[in-house]
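Look at the structure shown here and keep it in view while reading. The paragraphs below go through it step by step.

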Amino acid sequence: MQRKFVVSDSEKCIGCQICEHVCSAVKEGGFNPLLSRIRTVRIEPAFNISMSCRLCEDPTCVKSCPRKALSRDEKTGIIILNEEKCNGCAWCIETCEFGAITLHPVKKTIIVCDLCDGDPKCLPYCPTEALSLKTPEEISQKTRKKAITTLVKGISE
Amino acid sequence: MYGYSERMLIVDLTSEKTKTEAISEAFCKKFLGGNGFSISLLYEHQKPGIDPLSPDNVLVFAVGPFCGTVIPTSAKYVVQAKSPLTGFQGKSVGSSFWSLAFRRAGYDALLIKGRAKKPTYLFIDDDIIEFRDAKELWGKDCWETDRIIRDTIGDDNVRVAAIGPAGENLVRFASIVSDHHHEDDGRTGMGAVMGSKQLKAVAVRGSKTVEVAKLNELLDLCREYYEKVIKGLTSTVMRELGTIGTGMEYLSNYATPIRNFQSTDPFKESTPTSEDIRKTSTEWMREQYIHKSSACASCPIGCDHIDFIRVGPYKGVAYKIEYQGLYALGTNCGIWYLPAIVKAGELCDTLGMDVISTGVVIAWAMECFEKGILTLKDTGGIDLTFGNHEALMEIILKIAHRGGLGDILAEGVKRASEKIGKGSEKFAMHSKGLEFPGFDVRGLKATALSFAVSTRGADHMSAAVFGPEIRGRINRFKFEKGQGKFVAEKENNLTLYDLLMTCRFSGDLWMNVYSDLAHLYTLVTGTPLSAEEMRNAGERVWNMEKAYNIREGWTRKDDSLPPRVFNDPIPDSDAKGSRLTKEEFDFMLDDYYAARGWTRDGMPTKKKLIELELNDVAKEVGV
């Protein structure tokens, strides 16, 4: 079985930050993007996207942690933190290619998306349905379909 | 009390001193937030009769109790001060991410007093306040300023509200722009007040967590609202097309002014063909340009539609155009070429000027040019013929930098027409000195009343009764007794949006606006408040703004409309022949003041003010 992770469709995303607020509310009991496991990026004038952990097959964060505080769950692919070992050095934050890890401003240990036990709470709140939980195969299927629709349209015209 | 930081930040630019003051729970419950806080604080901290562009003016920023939560459209903030355009209360509502950063920095309001000795910007970093040198930023446009400050601090969590060259040069309708291009409303010259204080920008970074009383209930309820939007049950036009979607309805119903209120019939215009009119629709723009929606924080609707101009002389422009921009910089200047209107809107936003005021003062100058009151000599060689979009760009730049004729136009249409004279006052479209939004009120009589009585001058957002008029819910051509009450109730209703600081475009979401918002307020704050108390808060703050204006010398004759509304009937279209008479207008004012419980002179009574728990105000201005 392939791993699943939260993906954001930048064509649908409007950059409202509702996912960030919901994540911090569910995980930390209050609204604050700095406490969110999913973060939005806006590049003016009109590009918006949300980003969170992609549950890499061979994650650089796990490999790079000098204290071996991070591990990858074999079944789900989720990055698991051993809070006892983490000293907030932020080396994993630097190595993650997607900026998916952040430092908890109070606890001073890292936070990363854990898929809320397989049922990410941000998903049903996304007002443009830009967020979804997908396997790499599902992502490539969607991309293939989109590419071929454009091509067929081009041919028929 | 949840929902509030319960403190405000007071900054004195002259002495470079800052302090925080507590905001009491009683004050929060009485004024709710946003506009309620800002007008109360302005009333308390600013002396009457001062010059709006002097250090004595007080600039107040305020957020509402929903700010920083997931309540739909809760990212608004208000800026209020004495207006350099009207001399009465000035106010502008902005949106986007600045408000959330400010709230998370732990404040409900920011008061700015005095005048900096040199160009300065303020950096509010949670509890640390810095006065920073803005020498390098002076002269830069709003977007550049935003980018440079964020790059200098090196953190995109920093949010910036800035002025551009127009604010620096004290253009009386200069705006404050936050977060690139998401501040839409720059009315009444708040940017000029900021410029007069030599304050280039207010940058904020906030790291605190916003907590609410009933978190899970609030999340569940907000999810229901989002689902309504997703399913297309509400806010569909705003989401799909933005304000231009509704704008097309106004244009085709002869409500949109053309060539400085000289026509309402787009089909009769010599330049545009029906094809051109079709092209002003967002559907057409969607086909023609790459098109993308964007939202303010916590907004499920996302009414911003960014248009990319890919061909022609304005190639490369990426900006959103709103209905008011389409009117002011487009139809009202006789311009129907969309890429030019989009470009002009972008210019106004980067230079930091109100789109509506800019377009109206230019349209007035174009009519002066048409009538020979202004010549090529006066304009410095700019051919201000209606429809000349190249001239539009030139004159916008002249206004922002106060060059040549621009120096006169930068004073606003009221002062400019008084200076030029020669009968040009008769077609200077303003009320209390604030330029007219895009509604020809000769054929929208309740709207005419709302433009005249609004506490900030000609204002389409105070009552917004043009919708019911155009859709035929009330007779748009004949003012009937009782419509004064209709306008007053709409004002109370919409004022509430500015206290809670939610967007007016959220209107469709609520089944019953007062009880729905009261319920949300209770979930956020933990303090039960009834629908009735919500309504009363709106009325209270409207009266507070009125009291502020009275203290600045308001009398009944200030609730006025320009001569064209009375003298020149609409010349064409289905609205042909419609105008206001003086008798009719007096009847309208009488009906409205009576509905408000004010005297025939429009003065709030002591009784009314005490009923609204404004006892101190009653002593000072009540009759």
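What follows moves from the whole model to chain B, its domains, and a few single residues.

This is a predicted model, in which local features need pLDDT of at least 70 and side-chain atom pairs count only at pLDDT 80 or more, while totals for chains, interfaces and linings use all residues. Residues are numbered from 1 along each chain as its sequence is written, and chains are lettered from A and ligands numbered from 1 in the order in which they are written. The term pLDDT stands for the predictor's confidence in each residue, on a scale from 0 to 100. For chain B the mean pLDDT is 94, and 96% of the residues reach 70 or more. For the complex, the predictor gives an ipTM of 0.95 and a pTM of 0.96.

Begin with the two chains together. Chain A uses 23 residues to contact 27 residues of chain B; two residues are in contact if their C-beta atoms, placed from the backbone, lie within 7 Å. On the side of chain A that touches chain B, the largest share, four residues, comes from helix α1 (residues 18-28) of chain A. Helices (H or I, at least four residues) and strands (E, at least two) are DSSP runs, numbered from the N terminus. By class, this side of chain A has 14 nonpolar, seven polar and two charged residues. Here Ala, Val, Leu, Ile, Met, Phe, Trp, Tyr, Cys and Pro count as nonpolar, Asp, Glu, Lys and Arg as charged, and the others, Gly among them, as polar.

Now turn to chain B, which has 27 helices and 16 strands. Its radius of gyration is 23 Å, close to the 25 Å that the globule rule gives for 623 residues, so chain B is as compact as a globular protein of that length. The radius is taken over C-alpha atoms, and the rule is 2.2 Å times the number of residues to the power 0.38. The C-alpha trace of chain B spans about 60 × 55 × 50 Å along its principal axes. Of the 623 residues in chain B, 61% are buried. A residue is buried if 20 or more other C-beta atoms lie within 10 Å of its own, exposed if 12 or fewer, and partly exposed in between, with C-beta atoms placed from the backbone. Among contacts in chain B with a separation of 6 or more, 70% join residues 24 or more positions apart.

How is chain B divided into domains? There is domain 1 (7-205), domain 2 (223-435) and domain 3 (441-621); these bounds come from an automatic or database domain assignment. The centres of domain 1 and domain 2 of chain B, taken over C-alpha atoms, are 26 Å apart. Between these two domains, 37 residues of domain 1 are in contact with 30 residues of domain 2. On the domain 1 side, α4 (142-153) and α5 (165-168) of chain B each supply at least two residues, and α5(B) gives the most, with three.

Next, the interior. The largest nonpolar core has 245 residues; such a core is a set of buried Ala, Val, Leu, Ile, Met, Phe, Trp, Tyr and Cys residues joined through C-beta atoms within 7 Å. Helix α14 (residues 355-370) of chain B gives the most to this core, with 11 residues. B:Ala365 is one of the residues with the most contacts inside the core, and B:Ala365 touches B:Leu374, B:Leu384 and B:Leu409, not counting residues up to four places away in sequence.

Why is helix α19 (residues 445-453) of chain B described as largely enclosed by the rest of the structure? Nine of its nine residues are buried, so the rest of the structure largely encloses α19. The buried residues of α19(B) pack against several elements of chain B, including α21 (483-500) and α25 (582-596).

A loop residue can be buried as well. B:Phe97 lies in the loop between β5 (89-94) and α3 (98-104) of chain B, and B:Phe97 counts as buried because it has 24 C-beta neighbours inside 10 Å. The C-alpha atoms of B:Phe97 and B:Asp179 are separated by 6.7 Å, although these residues are 82 residues apart along the chain.

Two other loop residues have unusual backbone angles to look at. Phi of A:Asp117 is near 55°, a positive value in a residue other than glycine, and A:Asp117 is exposed, with 9 other C-beta atoms within 10 Å. Phi of B:Lys422 is also near 55°, and B:Lys422 is exposed, with 12 other C-beta atoms within 10 Å.
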